[in-house]
Amino acid sequence: MNDATQTKAVETLNKILEMELAGAIHYTHYSFMVYGYNRIPIVSWLEQQATESINHARAAGELVTQLGAHPSLAIGPLLE
């Protein structure tokens with residue numbers, strides 16, 4: 001892999017890492033806001049999605065590290 005390709009791959013993986021972390025925060029936040037009759041299954045589903053986002057973030061971060069680069073500490077946009 002040439003340097004330009006590797007740099008682009010790291011940039012893309014870091015963007016994925018940042019977006020997945022933002023997704024985990026969003027799912028967690030929304031799980032706090034659910035109320036009503038069907039709260040428990042909805043909160044459970046949101047928590048599962050947050051866990052899946054964290055797993056995706058970890059996978060992207062591991063790939064960045066395997067490429068010899070530094071995983072981003074940033075988090076994607078947190079819009080409500």
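Arg58 is placed in helix H2 of this predicted model, and its side of the story begins at the surface, because a relative accessible area of 55% puts Arg58 in the exposed class. Computed along the sequence, Arg58 and Thr7 are 51 residues apart, and their C-alpha atoms lie 19 Å apart in space.

The interior offers a contrast to this exposed residue. The largest nonpolar core has six residues in all, namely Val10, Leu13, Leu17, Ala57, Ala60 and Val64, and helices H1 and H2 each supply at least two residues of this core. Within it, Ala60 can be followed through its surroundings: once its neighbours within four places in sequence are left aside, Ala60 is in contact with Leu13, Ile16 and Leu17. Of these three partners, Leu13 and Leu17 are listed as members of the core along with Ala60 itself.

Val10, another member of that core, lies in helix H1 and counts as buried because its relative accessible area is 12%, whereas the buried class takes in values under 20%. Leaving aside its neighbours within four places in sequence, Val10 is in contact with Val64, Leu67 and Ala69, and one of these, Val64, belongs to the core as well. With Pro77, which is 67 residues from Val10 along the chain, the C-alpha separation is 19 Å.

Which residues does Asn14 touch, once its neighbours within four places in sequence are left aside? Asn14 is placed in helix H1, and its relative accessibility of 12% means that Asn14 counts as buried. Its contacts beyond those neighbours are Val64, His70, Pro71 and Ser72. Val64 therefore appears in the contact lists of both Asn14 and Val10, under the 4.5 Å limit on heavy atoms that defines a contact.

Aromatic side chains give another link between the helices. A search of the whole structure finds one aromatic pair, formed by Tyr27 and Trp45, whose ring centres are 6.2 Å apart and whose planes stand at 90°, so the pair is edge-to-face. The assignment follows from two cut-offs, because rings pair if their centres lie within 6.5 Å and count as edge-to-face if their planes are over 60 degrees apart. The pair links distant parts of the chain, since Tyr27 sits in helix H1, which covers residues 3–33, and Trp45 sits in helix H2, which covers residues 39–66, with the two positions 18 residues apart in the numbering. Are these two residues buried, partly exposed or exposed? Tyr27 counts as partly exposed at 26% relative accessibility, and Trp45 is also partly exposed, with a relative accessible area of 45%.

A nonpolar patch is found on the surface, where Ile25, Ile75 and Leu78 together have about 250 Å² of accessible area. Ile25 is found in helix H1, and with a relative accessible area of 37% it is partly exposed. That value also satisfies the requirement for patch residues, because these need over 30% relative accessible area.

Two further residues help to set out distances across the model. Ile42 lies in helix H2 and counts as partly exposed at 38% relative accessibility; its C-alpha atom is separated by 30 Å from that of Leu13, with the two residues 29 apart along the chain. Thr5, whose place is in helix H1, is partly exposed with a relative accessible area of 41%, and the C-alpha atoms of Thr5 and Arg39, which are 34 residues apart along the chain, are separated by 46 Å.

Key
Residues numbered from 1 in each chain as written. Predicted model: local features only at pLDDT ≥ 70, side-chain atom pairs only at ≥ 80, totals over all residues. Heavy atoms only, no water. Phe/Tyr/Trp six-rings, centres within 6.5 Å; stacked < 30°, edge-to-face > 60°. Helix = DSSP H or I, 4+ residues; strand = E, 2+ residues; numbered from the N terminus. Buried < 20%, exposed > 50% of the residue type's maximum accessible area, 1.4 Å probe, protein only. Patch = residues over 30% accessible without salt bridge, like charges linked within 9 Å, V, L, I, M, F, W, Y side chains within 5 Å. Areas by Shrake-Rupley, 256 points an atom, 1.4 Å probe, with all protein chains shown as cover. Salt bridge = Lys/Arg side-chain N within 4 Å of Asp/Glu carboxyl O. Core = buried A, V, L, I, M, F, W, Y, C linked by side-chain atoms within 4.5 Å.
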